[in-house]
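Reader: Hi! I am new to protein structures and would love a close look at one part of this one. Could you walk me through the salt bridges and tell me what they join?

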Amino acid sequence: MTDTQLCNLSDRLSPRNVFETVGSVADSLGRECYAVGGYVRDLIIGRHSKDIDFVTVGSGIDLAQAVAAKMGHASVAVYRNYGTAQLHRGKLELEFVGARRESYHRESRNPIVEDGTLADDLARRDFTINALAIKVNHDGFGDVIDNYDGLGDIGRLLIRTPLDPDVTFSDDPLRMMRAIRFATQLDFEIFPETFAAIRRNARRIEIITHERIKDELFKIMAAPRPSIGWKLLLDSGLLEIIMPEMARMKGIDVVKGRAHKDNFRHTMQVLDGVAAASDNIWLRWAALLHDIGKPVTKHFDPARGWTFHQHNFVGAKMVKSIFRRMKFPLGAEMRYVQKLVELHMRPIALVEDEVTDSAVRRLINYAEDDLADLMILARADITSRDEAKKARFLANFDLVEEKFRTTHAKDLERNRKNPVDGTEIMELFGLQQGPQVGFFAKSLKEAIKECEIDDNRRAAFEYLLRLAAEAGIAPLYDPLERLEAEAPADAADAPATPQETE
């Protein structure tokens with residue numbers, strides 16, 4: 001192999017002392033040594049990287065142990081089955097491997113590995129932008145080795161395979177997911193022939209475990225604009241295999257000249273909207289799956305047009321099957337996503353209907369600590385092309401959130417004291433302090449908390465009278481008549497007029 005010196009990056013290697021140390025140890029062993037792969041790519045792009053991979057012609061384990069001794073490290077993590085070794089230097093993770101070449105059987109993505117040259121090692125890399133190397137030996141320190149125009153592809157913002165893409169993806173189908181993930185993370189385009197090869201080889205993804213696919217999906221979801229990856233998954237044919245529920249959301253049906261919107265396109269807008277507002281990965285998954293029940297519940301009503309009744313409840317149930325199949329966690333994370341999928345229409349309903357304290361309180365109780373996340377999702381869910389309508393909905397959401405704050409403040413006060421206290425309960429029913437009084441007081445508090453009744457004295461007395469009647473206990477007087485007599489003093493407890501509600 002003839003090394004082509006395209007440029008020198010010695011001034012940009014950081015931390016420089018690490019590279020100089022590795023290079024000097026390699027020189028002492030008579031070895032060629034190069035930093036390769038993602039670190040080199042990110043260095044050129046100007047992207048932070050905390051992992052550095054070194055390739056040496058010879059044993060990577062021997063070099064790692066010698067470097068560790070030079071740096072004063074007590075131990076090295078050695079993986080002899082893979083011929084690799086790792087050590088840490090501060091926050092950096094250094095990995096060492098011997099140059100190798102690979103061959104594959106069609107039934108497996110696990111390669112047959114043999115010792116090779118640097119040229120062999122770079123040729124086996126997935127993409128040209130990852131097939132770059134920087135020499136760290138003293139002679140030629142900082143020289144870039146670029147056999148496949150990876151530097152040019154970085155400049156062109158392209159994802160392209162070094163060798164025949166059909167062979168590359170057939171040998172290791174996970175590389176199709178990686179191509180889409182890199183395109184999403186870096187905002188690069190996939191070279192047309194490379195993308196065509198992904199489409200031709202899409203079915204090969206079936207030999208990849210869900211765990212490996214899951215890792216790539218989560219990296220896509222963590223990107224600034226995750227919709228890039230999901231659109232590429234759809235267009236490549238991979239989505240139909242990996243997550244057919246999402247693929248079925250694509251498309252528009254028309255009956256009698258009436259069409260519904262493309263739910264996949266809408267979902268991508270919602271996903272990017274949530275991603276712009278939050279880095280909560282599970283909130284992003286809730287955004288992706290919030291309308292997953294629409295293809296199942298889609299129905300054309302001649303009078304009303306297209307409907308998707310109960311799609312939020314159906315979608316929440318579908319979340320579990322998707323999580324189980326994809327090997328996602330089935331605990332609190334799944335329940336969080338299910339909750340937001342089920343509730344995602346509730347804030348919109350509050351905007352469209354009269355915002356009452358009881359309606360707001362019910363949503364607060366259902367959403368609990370996830371109310372703020374629910375509102376992020378609800379805001380992102382407004383994707384109307386009618387800008388005036390969109391602005392009106394978002395302004396109404398501001399009013400709803402203000403209602404959340406004021407209702408919560410009232411509830412804090414309410415929770416400190418029931419509208420009717422224990423002394424009044426004893427007086428009303430002629431009871432002594434004891435379990436019966438506690439039962440009435442606790443039941444009243446729970447009824448208010450669960451929004452079964454309003455939190456004023458009239459509603460509280462009416463509830464207590466019903467509860468007492470069921471228990472066969474008669475009141476000693478009519479508390480509602482007494483309330484009427486006390487009306488001027490209790491004006492604050494009177495039901496709000498429509499004007500006050502507004």
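Author: Happy to; here is a walk through some of the salt bridges, with a short stop at one helix at the end. Keep in mind that this is a predicted model.

Let's begin with the general idea. Side chains of opposite charge can pair when their charged atoms come close. In this model, the count of such salt bridges comes to 23.

A good place to start is Arg-200, which pairs with Asp-166; their closest N and O atoms are 2.8 Å apart. Where do the two partners sit? Arg-200 belongs to helix H8, residues 192-200, while Asp-166 belongs to helix H6, residues 165-171, so this salt bridge ties together parts that are 34 residues apart in sequence. Are these partners buried or exposed? Arg-200 is partly exposed, at a relative accessible area of 47%, and Asp-166 is also partly exposed, at 24%.

Arg-200 has another partner too: Glu-193 forms a salt bridge with Arg-200, with 2.7 Å between the closest N and O atoms. Glu-193 is partly exposed as well, its relative accessible area being 38%.

Now turn to Arg-181 and Glu-216, whose side chains meet in a salt bridge of 2.8 Å, N to O. This pair links distant parts of the chain: Arg-181 is in helix H7 (residues 174-186) and Glu-216 in helix H9 (residues 210-221), 35 residues apart. What about their surroundings? Buried means under 20% relative accessible area, so Arg-181, at 7%, is buried, and Glu-216, at 4%, counts as buried too.

Salt bridges can also share partners. Asp-149, Asp-153, Arg-156 and Arg-160 are joined into one network in this way.

Finally, let's visit helix H2, which spans residues 38-45. Which of its residues are buried? Tyr-39, Val-40, Arg-41, Asp-42 and Leu-43 are. The buried residues of H2 pack against several elements, including helix H1 (16-28), helix H5 (150-156) and H7. Strands take part in this packing as well: S2 (33-36), S3 (51-56) and S9 (132-135). H7 is already familiar, as the helix that holds Arg-181. Just past the end of H2 comes Gly-46, which takes a positive phi of about 90°.

To retrace the route in the 3D view, start with Arg-200 and Asp-166, move on to Arg-181 and Glu-216, and finish at the buried residues of H2.

Technical notes. Residues are numbered from 1 along each chain as its sequence is written. This is a predicted model: local features need pLDDT of at least 70, side-chain atom pairs count only at pLDDT 80 or more; totals for chains, interfaces and linings use all residues. Side-chain values use heavy atoms; hydrogens and water are left out. A salt bridge is a side-chain nitrogen of Lys or Arg within 4 Å of a carboxyl oxygen of Asp or Glu. Helices (H or I, at least four residues) and strands (E, at least two) are DSSP runs, numbered from the N terminus. Buried means under 20% relative accessible area, exposed over 50%, partly exposed in between (1.4 Å probe, protein chains only). Contact means heavy atoms within 4.5 Å.
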